[in-house]
Amino acid sequence: QNITLTGTGAAPAIQLNQTTVDFGSQPTNQQSDERVIGVTNNGSAPLTVTSVSTGTGGDFTATVDVSPQTSEVVPGGTIPVTVTTTPGSPGIQNGTLTVNAENVTNPTIDLRARGIQPNLTVTSPFANGSNFGQVSSGSSAVQRLTLTNTGNDTLQLSNLRTTNDAFSIIGSQTSINLTTGESTTIGVSFAPDSQGPASGEVEIDTNDPNTETFTRDVSGSGLT
């Protein structure tokens, strides 16, 4: 007598709930909020997740809990993978996330972010400093600085000031915001109240990570 036996082999099947994670615009050197990706076992046997990796492209970090009590995903179960980005430079960042698991083809997800940061560029008739020359006491002379945002995020300028009272910023503005490609011109006045040389600095606080405080030397000489 022959007995026919039939059955279906049990195997895990891995599925991710996203194929792409786009972080959008993210300030450089600042960690983004976490994005969570669900890893689901659609098979009929337990799925063992061993690790996650983000390759070499872009500035992305992924984590998953691979402790014994959480890395084995029962059929129908889901575990989270968290991903963050910390762009190291402006511009588009592309990467991939791979979920490594046993007895399945490891799936991947495309990762994308756009690093943004402002960039202050200053132009004036004097490249390294502003020398007002000789100015009579009781009168004044003015020179101008053009401030341009050559970055790809809003440039914030604040606390415009001078370190010597003989020099002053013309106008009452205390803060200036410049969008990408936008410029503004500020005037610096030298009004000596005594005879002799004077020197100081123009100082402006910015959110440009490469120029947290812009400084420009200024000098002149008062005449009686």
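**An exposed asparagine and two open sheets**

With a relative accessibility of 54%, Asn29 counts as exposed (exposed means over 50% relative accessible area, buried under 20%, and partly exposed in between, with a 1.4 Å probe and protein chains only). The model is a predicted one, in which local features need pLDDT of at least 70 and side-chain atom pairs count only at pLDDT 80 or more, while totals for chains, interfaces and linings use all residues. Residues are numbered from 1 along each chain as its sequence is written, and side-chain values use heavy atoms, with hydrogens and water left out.

Asn29 sits in the loop that runs between strand 2 (20-27) and strand 3. Its phi is near 60 degrees, which is a positive value in a residue other than glycine. Asn159 also has a positive phi, of about 55 degrees, and is not a glycine either. Asn159, however, is placed in strand 13 (residues 155-162), and with a relative accessible area of 40% it is partly exposed.

Now consider the whole protein. It has one helix and 18 strands (DSSP runs numbered from the N terminus, with H or I over at least four residues for a helix and E over at least two for a strand). Its radius of gyration is 30 Å, well over the 17 Å that the globule rule gives for 224 residues, so the protein is more spread out than a compact globule. The radius is taken over C-alpha atoms, and the rule is 2.2 Å times the number of residues to the power 0.38. Along the principal axes, the C-alpha atoms of the protein fill a box of roughly 125 × 30 × 25 Å.

The accessible surface of the protein comes to about 11,900 Å², and carbon and sulfur atoms account for 43% of it (areas come from the Shrake-Rupley method with a 1.4 Å probe; for residues, only the protein chains shown count as cover). Of the 224 residues in the protein, 39% are buried. Among the contacts in the protein with a separation of 6 or more, 69% are between residues 24 or more positions apart (a contact means heavy atoms within 4.5 Å).

Next come the sheets. Strands of a sheet pair through backbone hydrogen bonds, either parallel or antiparallel. One open sheet has four strands in the order 1-3-7-5, with antiparallel pairing (two strands pair if DSSP finds at least two bridges between them). Strand 1 (14-16) and strand 5 (60-63) are at the edges with a single partner strand each, so one side of each has no neighbour in the sheet. Direction ignored, neighbouring strands of this sheet are turned by 25 degrees against each other on average (axes are lines fitted to C-alpha atoms, for helices over the stretch in contact, and angles run from 0 to 180 degrees between N-to-C directions). Within this sheet, strand 3 (residues 35-41) and strand 7 (residues 78-85) are antiparallel partners over six bridges. Gly38 has Pro80 of strand 7 opposite it.

A second open sheet is formed by four strands in the order 10-12-16-14, again with antiparallel pairing. Its edge strands are strand 10 (120-123) and strand 14, each of which pairs on one side only. From one strand to the next, the twist averages 30 degrees.

Strand 16 (residues 183-190) has six of its eight residues buried, so this strand is largely enclosed by the rest of the structure. Strand 16 pairs with strand 12 (residues 141-149) in the antiparallel sense over eight bridges. Thr146 has Thr185 of strand 16 as its bridge partner, and Gln143 stands opposite Val188 in strand 16. Strand 16 also pairs with strand 14 (residues 167-169), in the antiparallel sense over three bridges. There, Phe167 stands opposite Phe190 of strand 16.

Strand 12 also holds Thr148, which is buried, with a relative accessible area of 17%. The side chains of Thr148 and Ser183 are joined by a polar contact of 2.6 Å (a pair of N or O atoms within 3.5 Å; within protein, one must be able to donate a hydrogen and the other to accept it, and residues adjacent in sequence count only if both atoms are side-chain atoms). Neighbours within four places in sequence aside, the residues in contact with Thr148 include Asn119, Leu120, Thr121 and Leu155.

Finally, which residue lies 76 Å from Asn17, C-alpha to C-alpha? Leu223 does, and the two are 206 residues apart in sequence. Leu223 is in strand 18 (residues 211-223) and is partly exposed, with a relative accessible area of 30%. Leaving aside neighbours within four places in sequence, Leu223 is in contact with Gln134, Val135, Ser136 and Ser137.
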